[in-house]
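Biologist: Please put the structure up. I would like to go through the sheet, the helices and the aromatic rings.

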Amino acid sequence: MSDHHGGAAPGQLPAVSTTADTPDEGQQWASEEPPPNRRFLVFSVLVLTSSLVAAALVSPWSMPSGGAQVIWIGLLLALGFLVAEQLGINIDVRSGVSWSISFSEIPLVIGLFVAPFEVVLAAHLVAGVGTLLVRRVQDRILYNAGAMVFEIVSAFAVFGFVNRWLAGVGPSWTGVLAGALAAPLSSTLLALVCVRVLGRRMRLGAAVRLVLRTLVLGLVNASTGVVGYQVVMHAEAGWPLLVLAMGGLAALYIAYSGLLREQRDLEALSEVSLIVARSGHQAAAKPSMGLADPNEVAEVTDPDEWQVIAERIKDQLGAARVVLRLRFDPQLPLHTVVSGTDLPGEMYDLEATGPKADALLRLPGSHVRHFRRGDAVPEVRHALLRRDAEEALVVPLRSASHLLGVVEAHDKLSRWRGFGQADTRLIGTMASHLATAMDNRRLLATLRHDAYHDPLTGLLNRPGFRRAAGEPIRQHPDSVVLRIDLDVLSTVSDALGYAWSDRMVVAAGRRLRDALGPDVALARLEGGQFAVLLAETTPEEAHRVAERLRSGLAASYPVDRLTVEASSVVGYSTPRTVGTDAEDALELDVDALLQRADVALRAARSSGENVRVYLPTMGQIFLRRFQLVTQFRQALETGQVKVHYQPKVALPSRQVLGVEALVRWRHPEFGRLDPDEFVPAVEAAGLVDALTGFVMDQSLIRVRKWLDRGLRIAAAVNLSVRSLDDPNFPDRVAEALERHQVPPELLTLELTESGVMADPQRALPVLRRLHTLGVTLAVDDFGTGYSSLAYLRQLPVDEVKIDKSFVLGMGTDLGDLAVVRSIVELGHSLGLIVVAEGVEDDAARDQLAAMGCDVAQGYLISRPLSESRLEAWLQARTTQARGLRDETVLTLLS
């Protein structure tokens, strides 16, 4: 048994494909380093020439040939070599390199015993070269022929040398055994040199192990041949014993071959799966350019990877040709990859469907078909004839009912009988892996497209715009990002439903795409907001483009038999901000530019303009708001936020009933901040619960101190509408009242009219639980919203507070006076306490008292005071008296 570099005949290289090392089209090889094909050809000629010279030198040593008996011996030896090679086992040791375990040492031993050098050499060449020709391995005949000659030359040279050296000492078969071992050793060493010539690498340890394994296997085969010859020639009735021994040995080798075949098949399946998986990961990692184009799927497909897969399948099956016909997208034609012998040109672009579809491409199902030209139906025979193939294994690649491709394997090389069941199972399993991998790639491409594109318009979404615009912005600092906001969408959706507003968005996106062209990154961010990247554009050009886009969007839209005209506002920004020097320009990412463009858009909307460019001053207010939000919790902990109190007195008795808690923030950098500046920001940032809890705790602490002095003064705390969305808020109020030991009637929770009436059904459960606690509920700023009297009657409120805008104007405006009077009468009719804010003069107080208003609050009574100043105010401006319930009553001095 010998180890050969190759697997079809002794010394040949069917698995080392020199064509696999040829350069791709357009690739140039360095002049000092010839391409692998030329290098291998030169090496092959050198091997053949040197082997023939060696044969000429060894030939005189051998015994003279002649006679009919020698001819019969040569024919039998050729048959033996041929059978030995057909029973060979191929083992892949590296990618593209395999070693063949064959039984060629057995007929070689017989030849060394009974035949001259020329007969054994001729028999070996006839069997080996004939096998190569049948298998169509013409490109490696020179090398393999030279290797075969070297095997016979080395065997006879060692055989003759050992016999002369021993000179009758020892057994007669010693020289034969040594010569039989020299043959595989010489071919193995020559193959290692060939691997080096082909540019491959093998570690020294692996090469040594390979040589040792060759010697062991060669020793087994050579020993078998020697024993068989001795038994036949010298033992009585030795033929039956030899047949039994050879049968057992053949069975062992067949079982071993099956195990090796299964191992190679598993390795091939694993390699194919890893290649496709790696290709899929690379396709997923490739950044999207933001074009909703099916060709994008094909662009991420590396043809070299599929070429490697085709070659791996071809080598594993021992086929002359493997053809992969792959469909990466249903809208694209089949992509053809060929490994092995060339495919006729007209066989590359074939149709898989329709009346002109190829017979091998329109096969139903996904199982393997085995066709032979001799017994196939006419249309299949014609398809094989057009492919120049005698037989073919064909398996469609399908996902559900969709055709993903077809795998074709043409003409088995390594066996006379053609493709077998093992080949059918292997190509079927590989095809199943490929179909699954391609289906996963398609799913990955779909998910990738969906991840970066808006499902409504097909344009980029925000992540897609970020990926598409990131690199151009880094390469072109003069790029401009536009942000476009389409108006009236909310009006359309409220009146006609979201379907019509969606149609307007789709139409607007189509107009923008038509105006910008296919190469400009365009995204729909959300709602009617779009983003555009203009690469290498000046702010002046961007302004003109923005005006042109606005003009295109302003054209009327047909909406449900109506014609709707939609205006739009555009803001834009650039990494080189207007008014800065080039060296001072900041490197901004896409999100920062989008944020600045949004700031410019809001500035344009607030100023009544249509197009605005971002200026540094625009961002200061948003930066300040961001700082306030991020520093708010620290401000609560460090005492920067305080609670001030504004007294409320009863009319007309002037008794101090309570105070309203108002938050104040003295910032170390910005100074005193107005609540209207930071409270909305805190509320938008989701920190309103912290603010409400802080104010309520401070107020209850103050009320508890008053109770300890015998004063029953209530505290009113303003609530955000977000508190009404929290079902746990009443529990926190109850816990605070219990913790500070304050009766619930001394806590008033004020909610704005607009906040309560925005969704009264949602607010009702929380309000009812608060009312059950005994807390006083008040509707603040009453008269400024759009209250429904029916809902107001359902709400469990105890007070209404007239907005100060009406109170301030009722002295000069009869309309405001009428509104105040109506609110007072309405509140009393509903059994509510009426509180008037903004009382700043005696006339307003007297008018309110005359109307029957219950409570007054305003600068006439007191401004909001800190805790210490409030105590001083109470001592200076009120008198104390005993109340009906034995409590201390404070009355405001006139």
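Modeller: This is a predicted model, where local features need pLDDT of at least 70, side-chain atom pairs count only at pLDDT 80 or more, and totals for chains, interfaces and linings use all residues. Residues are numbered from 1 along each chain as its sequence is written, and side-chain values use heavy atoms, with hydrogens and water left out.

Biologist: What is the order of the strands in the open sheet of 5 strands?

Modeller: Strands are DSSP runs (E, at least two residues), numbered from the N terminus, and helices are runs of H or I with at least four. Two strands pair if DSSP finds at least two bridges between them. Pairing in this sheet is antiparallel. The order is β5-β4-β8-β7-β6.

Biologist: Which are the edge strands?

Modeller: An edge strand pairs on one side only. Here they are β5 (335–340) and β6 (369–372).

Biologist: Over how many bridges do β4 and β8 pair?

Modeller: Strand β4 covers residues 319–326 and strand β8 residues 402–412. Alanine 319 has lysine 412 in β8 as its bridge partner. The antiparallel pairing of β4 and β8 runs over 7 bridges.

Biologist: At what angle does helix α12 run to β7?

Modeller: Helix α12 (residues 421–452) lies across β4, β7 and β8. Axes are lines fitted to C-alpha atoms, for helices over the stretch in contact (heavy atoms within 4.5 Å). Angles run from 0 to 180 degrees between N-to-C directions. For α12 and β7 the angle is about 30 degrees.

Biologist: How far apart are the axes of α5 and α6?

Modeller: Helix α5 spans residues 141–166 and helix α6 residues 174–197. They pack at an angle of about 145 degrees. Their axes are 7 Å apart.

Biologist: How many aromatic pairs are there?

Modeller: Rings of Phe, Tyr and Trp (its six-membered ring) pair if their centres lie within 6.5 Å. Planes under 30 degrees apart count as stacked, over 60 as edge-to-face and the rest as tilted. The count is 5.

Biologist: Is the pair of phenylalanine 43 and tyrosine 143 stacked or edge-to-face, and which helices hold the two residues?

Modeller: The centres are 6.0 Å apart, with 25 degrees between the planes, and the pair is stacked. Phenylalanine 43 and tyrosine 143 are 100 residues apart in sequence, so the pair ties together distant parts. Both residues are buried (under 20% relative accessible area, 1.4 Å probe, protein chains only). The helices are α1 (residues 36–58) for phenylalanine 43 and α5 for tyrosine 143.

Biologist: Which residues form one aromatic cluster?

Modeller: Phenylalanine 117 and phenylalanine 156 form an edge-to-face pair, 5.4 Å centre to centre and 85 degrees between the planes. Both are buried. The cluster is Phe117, Phe156 and Phe159.

Technical notes:
Buried means under 20% relative accessible area, exposed over 50%, partly exposed in between (1.4 Å probe, protein chains only).
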